[in-house]
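Here is a short report on one protein model. Please read it with the sequence and the structure side by side.

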Amino acid sequence: MVQNIKKGIFALLALALLLAGCKSKVAMQSQEETPDISSIIAVLPAVTPDTVALQHLSGNANIRLNVSGSNISLKGKLRVKRGEGVQISITPLGLIEAACIEFLPNSIRFINKLSKTYTEVPYSEAKAIGLSGINYRVIEGIFLDYAFLPDGRIACQGVKELVAQDKGDSYHLATKGNTAMQYNFTVDKESGMLVSCNGYSSSGESIKCDYSDFGKIGNVLFPNDISINFKGDAVIKLDFGLSKASNKPFSLSTRNINSNYRKQSVGDFIKSIK
């Protein structure tokens with residue numbers, strides 16, 4: 001049991017670090033945009049999300065991991081506060097927190113309460129070890145299910161920076177320009193919600209997110225299941241199932257690290273999971 005928990009914790013941190021760094025420059029294919037499609041997509045919930053209603057997101061989570069063919073299931077909690085952080089708390093027995101991953105505006109933190117170690121990675125340092133860091137706002141977009149631009153802006157802030165196509169029952173949006181990571185989004189026509197997000201780099205790394213089982217949080221539709229597939233140095237599949245999701249306000253407090261904890265370098269962490 002403890003070994004599986006440790007494997008799950010290591011895999012989650014690997015995903016966190018890998019999410020912070022997909023490196024590339026990709027040239028997108030030139031596509032014709034339907035003349036009036038920009039005005040259509042500009043009002044879709046996936047492109048213009050209700051950021052007031054989703055200032056806060058919290059819920060219980062069943063986390064299912066597949067790492068190199070090995071399946072691990074863990075329980076936890078997800079908390080997102082716009083502009084402040086994404087917090088994933090790992091509670092294997094449903095009561096005691098064993099570990100926590102925090103995506104913060106300037107860094108990623110991992111606290112392992114089992115081994116009394118922690119790792120903190122500023123996005124700039126992620127670049128220094130060969131990873132091209134995406135910013136916190138992209139992470140926020142992935143967890144809050146809305147389309148974004150490569151610099152993290154919400155898609156409605158740069159609709160003309162997207163190539164849009166009408167695909168019948170969905171709209172396909174693609175970012176353009178010479179950036180480290182390029183993204184494609186699929187938006188369901190009927191609901192206007194984002195159902196998939198794909199990111200690609202020229203070096204072969206990719207991230208694929210799928211959103212399903214939509215339900216109401218207050219007056220806002222939101223997926224109860226988020227699936228993330230990352231292909232880089234490792235192949236990781238994460239299924240993140242939410243229950244008891246809420247958008248009630250809360251204060252997001254980062255975890256306290258006292259003198260009993262030993263700081264672990266990124267290099268040492270990577271060695272520990274190989």
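A disulfide here is a pair of cysteine sulfur atoms within 2.5 Å. Chemically, a disulfide is a covalent bond between the sulfur atoms of two cysteines. The model is a predicted one. A search of the whole structure turns up zero disulfides.

**Cysteines**

What keeps Cys-197 from being bonded to Cys-209? The closest cysteine sulfur to that of Cys-197 is in Cys-209, at 4.8 Å, and this is too far for a bond. The cut-off is 2.5 Å. Cys-197 is buried, because its relative accessibility is 1%. Cys-100 is buried too, with a relative accessible area of 1%.

**Confidence**

The average pLDDT of the chain is 82. At least 70 is reached by 80% of the residues. Residues 22–35 are a weak stretch, with pLDDT below 50. Beyond near neighbours in sequence, residues 22–35 still have 43 contacts in the model.

**Aromatic pairs**

How many aromatic pairs does a search of the whole structure find? The count is five. Two of the pairs share Phe-143, and their geometry is set out below.

| Pair | Centre to centre | Angle between planes | Class |
|---|---|---|---|
| Phe-103 and Phe-143 | 6.2 Å | 45 degrees | tilted |
| Phe-143 and Phe-240 | 6.2 Å | 80 degrees | edge-to-face |

Why is the Phe-103 and Phe-143 pair called tilted? Its planes are at 45 degrees, and the tilted class takes what is neither under 30 degrees nor over 60. Phe-103 sits in strand 4 (residues 99–103), while Phe-143 sits in helix 4 (residues 136–144). The pair therefore ties together parts that are 40 residues apart in sequence. Both rings belong to buried residues, Phe-103 and Phe-143.

The second pair reaches further along the chain, to strand 13 (residues 235–246), where Phe-240 lies. Phe-143 is in helix 4, so this pair joins parts 97 residues apart in sequence. Phe-143 and Phe-240 are both buried. Together, Phe-103, Phe-143 and Phe-240 make one aromatic cluster.

Another ring has a charged partner. Arg-79 lies over the face of Phe-250, 4.2 Å from the ring centre.

**Helix 4**

Is helix 4 mostly covered or mostly uncovered? Helix 4 is mostly covered, with eight of its nine residues buried. Among them are Tyr-136, Glu-140, Gly-141 and Leu-144. Val-138, Ile-139, Ile-142 and Phe-143 are buried in helix 4 as well.

At the start of helix 4, Asn-135 makes a side-chain to backbone approach. One of its side-chain oxygens comes to within 2.9 Å of the backbone nitrogen of Arg-137. At the other end, helix 4 is followed by Asp-145, whose phi is positive, near 60 degrees.

**Positive phi**

Asp-145 is not a glycine, yet its phi is about 60 degrees. Its place is the loop between helix 4 and strand 7 (162–166). Asp-145 counts as buried because its relative accessibility is 2%.

Lys-116 also has a positive phi, near 55 degrees, and is a residue other than glycine. Lys-116 is found in the loop between strand 5 (107–112) and strand 6 (117–122). Is Lys-116 buried or partly exposed? At 38% relative accessibility, Lys-116 counts as partly exposed.

Methods
Residues are numbered from 1 along each chain as its sequence is written. Side-chain values use heavy atoms; hydrogens and water are left out. Rings of Phe, Tyr and Trp (its six-membered ring) pair if their centres lie within 6.5 Å; planes under 30 degrees apart count as stacked, over 60 as edge-to-face and the rest as tilted. Helices (H or I, at least four residues) and strands (E, at least two) are DSSP runs, numbered from the N terminus. Buried means under 20% relative accessible area, exposed over 50%, partly exposed in between (1.4 Å probe, protein chains only). A charge sits over a ring if NZ of Lys or CZ of Arg is within 6 Å of the ring centre and within 35 degrees of the ring normal. pLDDT is the predictor's confidence in each residue, from 0 to 100. Contact means heavy atoms within 4.5 Å. A polar contact is a pair of N or O atoms within 3.5 Å; within protein, one must be able to donate a hydrogen and the other to accept it, and residues adjacent in sequence count only if both atoms are side-chain atoms.
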